[in-house]
Amino acid sequence: MGLSVTISAAAADDAEQILKLQYLCYQSEAELYGDWSIEPLTQSLDAVRAELAQGYGLVARLGDEVIASVRARADEDGTVHIAKLIVHPRMRRHGIGGRLLDAIERHFAGTDAAPKRFQLFTGHRSEGNLRLYRARGYAQVGTREIGPKLTLVTLEKAA
């Protein structure tokens, strides 16, 4: 790719850039499902800050610009819930999403409370997301119908 993308822990100061990127990235998901009321498009800046404070986030930067992000939190049962893996539309298909996913898994695997499993979800029509997750070893463990247009697919892999 020829670009120097760096991955680091997300800081509270990154919340605004993450929220703006999230809004941009989820436009395609909203269009795919015909629903612009999905949570990533309505989430507040305070809610993003709270997610970062309660869990762990990573950002990928190109220079000073946040071009990708992911958040996760571990529960008491040993499951790491990975959420909102986003990559700027112009930076997709360069391996950044896979690098972020690997990095968030490594972070939690290296903690004192080593996880038992990693879990995430995406919409049933989000083929690119499903392809990435399956290529990284995730397998479907469930589905949940959210409405007439959206079924969430839950995927999981052992830690």
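Which residues of helix H1 (residues 15-25) are buried? I started my notebook with that one.

**Entry 1: ground rules**

I am working with a predicted model, where local features need pLDDT of at least 70 and side-chain atom pairs count only at pLDDT 80 or more, while totals for chains, interfaces and linings use all residues. Residues are numbered from 1 along each chain as its sequence is written, and side-chain values use heavy atoms, with hydrogens and water left out.

**Entry 2: helix H1**

I looked up H1 and found its buried residues to be Ala 15, Ile 18, Leu 19, Leu 21, Gln 22 and Cys 25. They sit on the same side of H1, because they cover an arc of only 165° around the axis. The arc is taken from the directions that run from the helix axis to the C-beta atoms. Buried here means under 20% relative accessible area, exposed means over 50%, and partly exposed lies in between (1.4 Å probe, protein chains only). Helices (H or I, at least four residues) and strands (E, at least two) are DSSP runs numbered from the N terminus. I then checked what covers these buried residues, and the list includes H2, H3, H4, S2, S3 and S4. Contact, for these notes, is heavy atoms within 4.5 Å.

**Entry 3: the cores**

Next I went to the largest nonpolar core, which has 25 residues. Such a core is a set of buried Ala, Val, Leu, Ile, Met, Phe, Trp, Tyr and Cys residues joined through side-chain atoms within 4.5 Å. The residues with the most contacts inside the largest core are Ile 82, Ile 96, Ile 104 and Tyr 138. Two or more residues come from each of strand S2 (56-62), strand S3 (65-74), strand S4 (79-87), helix H5 (96-109), strand S5 (117-123), helix H6 (127-135) and strand S7 (151-158). H5 gives the most to this core, with six residues.

I followed Tyr 138 a little further. Not counting residues up to four places away in sequence, Tyr 138 touches Ile 82, Leu 101, Glu 105, Phe 118, Gln 119, Leu 120, Tyr 133, Leu 155, Glu 156 and Lys 157. There is also a second, separate core of 15 residues, which includes Ala 10, Leu 19, Ala 30 and Ile 38. Leu 19 was already on my list of buried H1 residues.

**Entry 4: the pockets**

How much space lies in the largest pocket? I noted about 1200 Å³. On a 1 Å grid over the protein atoms alone, a pocket is an open set of points where a 1.4 Å probe fits, with protein on both sides within 12 Å along at least five of seven lines, and lining residues have an atom within 4 Å of a point. Points are joined across faces, edges and corners, and the volume is the space filled by probe spheres set on them. Of the 44 lining residues, Glu 29, Leu 85, Thr 122, Asn 129 and Tyr 133 are the closest to the centre. Helix H2 (27-33), helix H3 (39-42), S4, H5, S5 and H6 each give two or more residues to this lining. H6 has the largest share, with seven residues. By class, I have 22 nonpolar, 11 polar and 11 charged residues in the lining. Ala, Val, Leu, Ile, Met, Phe, Trp, Tyr, Cys and Pro count as nonpolar, Asp, Glu, Lys and Arg as charged, and the others, Gly among them, as polar.

The second largest pocket has a volume of about 380 Å³. Its lining has 16 residues, with Arg 73, His 81, Ile 82, Ala 83 and Phe 121 nearest the centre. Helix H4 (45-54), S3, S4, S5 and S7 each contribute two or more, and S4 has the largest share with four residues. The lining of this second pocket divides into six nonpolar, five polar and five charged residues.

**Entry 5: single residues**

Which residues does Gly 98 contact beyond its neighbours within four places in sequence? I found Leu 132 and Arg 136. Gly 98 belongs to helix H5 and is buried, at 4% relative accessible area.

Then I turned to phi. Most residues other than glycine have a negative phi. Lys 84 has a positive value, near 50°; this residue is in strand S4 and counts as buried at 11%. Arg 93 also has a positive phi, near 70°, but lies in the loop between S4 and H5 and is exposed at 76%.
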